[in-house]
Amino acid sequence: MSVEIELVGGPADGRRLAVLGDPFDPPPDIKIAELLPGALHAHHDDVDPDRPVFRVVRYDRDRTPVDHADGLIWHYRRAPHTT
């Protein structure tokens, strides 16, 4: 089963996606890969192959879902240490 969630904070703010889980008890946190600033605009000749182009950040689930026009949706907030 899957449940629709909305990300809050960071570059993914407002993005909705479906995750596996019980609609009434989805996972307590999820991990999202975010592109680092400038990763898409780097010239291929200047790119260091060992330089990371993304980082993995954690989003934590709110305690209760929010009632939206299209039904209940869970908000996941970007973990404070990844801001």
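## Aromatic rings

Rings of Phe, Tyr and Trp, the last through its six-membered ring, pair if their centres lie within 6.5 Å. By that rule, this predicted model holds zero aromatic pairs.

A ring can still have a charge for company, and here Trp74 is the one to look at. The charged end of Arg61 sits over the ring of Trp74, at 5.1 Å from its centre.

## Overall layout

Let's step back to the whole chain. The protein chain has zero helices and six strands, so its pattern along the sequence reads β-β-β-β-β-β. Of its 83 residues, 27% are buried.

How much of the contact map joins residues at least 24 apart? Among contacts between residues at least 6 apart in sequence, the share is 43%.

## How the strands pair

Two pairings involve strand E4, which covers residues 54–61. With E3, E4 pairs in the antiparallel sense over seven bridges. Within that pairing, Ile32 stands opposite Val57, and Glu34 stands opposite Arg55.

E4 also pairs with E6, again in the antiparallel sense, over three bridges. Here Tyr59 of E4 faces a charged partner across the strands, as Arg78 in E6 stands opposite Tyr59.

## The nonpolar core

Which residues make up the largest nonpolar core? The core has eleven residues in all: Val3, Ile5, Leu7, Ala12, Val19, Ile30, Ile32, Val57, Tyr59, Trp74 and Tyr76. At least two of these residues come from each of strands E1 (2–8), E3 (29–35), E4 (54–61) and E6. E1 gives the most, with three residues.

Trp74 is a handy core member to follow by eye. Leaving aside residues up to four places away in sequence, Trp74 touches Val3, Glu4, Ile5 and Glu6, then Pro23, Phe24 and Pro26, and also Arg61, Asp62, Arg63, Thr64 and Pro65. Val3 and Ile5, which are on that list, belong to the core as well.

## Two faces of E3

The side chains of E3 alternate along the strand. Ile30, Ile32 and Glu34 point to one face and are buried, whereas Asp29, Lys31, Ala33 and Leu35 point to the other and are not. Of the buried set, Ile30 and Ile32 are members of the nonpolar core.

## Glu34 and Arg78

Is Arg78, a residue of strand E6 (residues 71–78), buried or exposed? Arg78 counts as buried because its relative accessible area is 13%, which is under the 20% cut-off. The side chain of Arg78 makes a polar contact with the side chain of Glu34, at 3.1 Å. Glu34 is itself one of the buried residues of E3, so this contact joins two buried side chains.

## Gly14 in its loop

Our last stop is the loop between E1 and strand E2 (16–20), where Gly14 lies. Gly14 counts as partly exposed because its relative accessibility is 38%, between the cut-offs of 20% and 50%.

Which residues does Gly14 touch, not counting residues up to four places away in sequence? They are Glu6 and Leu7, and Leu7 is also part of the nonpolar core. The C-alpha atoms of Gly14 and His75 are separated by 9.3 Å, although the two residues are 61 residues apart along the chain.

Technical notes: Residues are numbered from 1 along each chain as its sequence is written. This is a predicted model: local features need pLDDT of at least 70, side-chain atom pairs count only at pLDDT 80 or more; totals for chains, interfaces and linings use all residues. Side-chain values use heavy atoms; hydrogens and water are left out. Rings of Phe, Tyr and Trp (its six-membered ring) pair if their centres lie within 6.5 Å; planes under 30 degrees apart count as stacked, over 60 as edge-to-face and the rest as tilted. A charge sits over a ring if NZ of Lys or CZ of Arg is within 6 Å of the ring centre and within 35 degrees of the ring normal. Buried means under 20% relative accessible area, exposed over 50%, partly exposed in between (1.4 Å probe, protein chains only). A polar contact is a pair of N or O atoms within 3.5 Å; within protein, one must be able to donate a hydrogen and the other to accept it, and residues adjacent in sequence count only if both atoms are side-chain atoms. A nonpolar core is a set of buried Ala, Val, Leu, Ile, Met, Phe, Trp, Tyr and Cys residues joined through side-chain atoms within 4.5 Å. Helices (H or I, at least four residues) and strands (E, at least two) are DSSP runs, numbered from the N terminus. Contact means heavy atoms within 4.5 Å. Two strands pair if DSSP finds at least two bridges between them.
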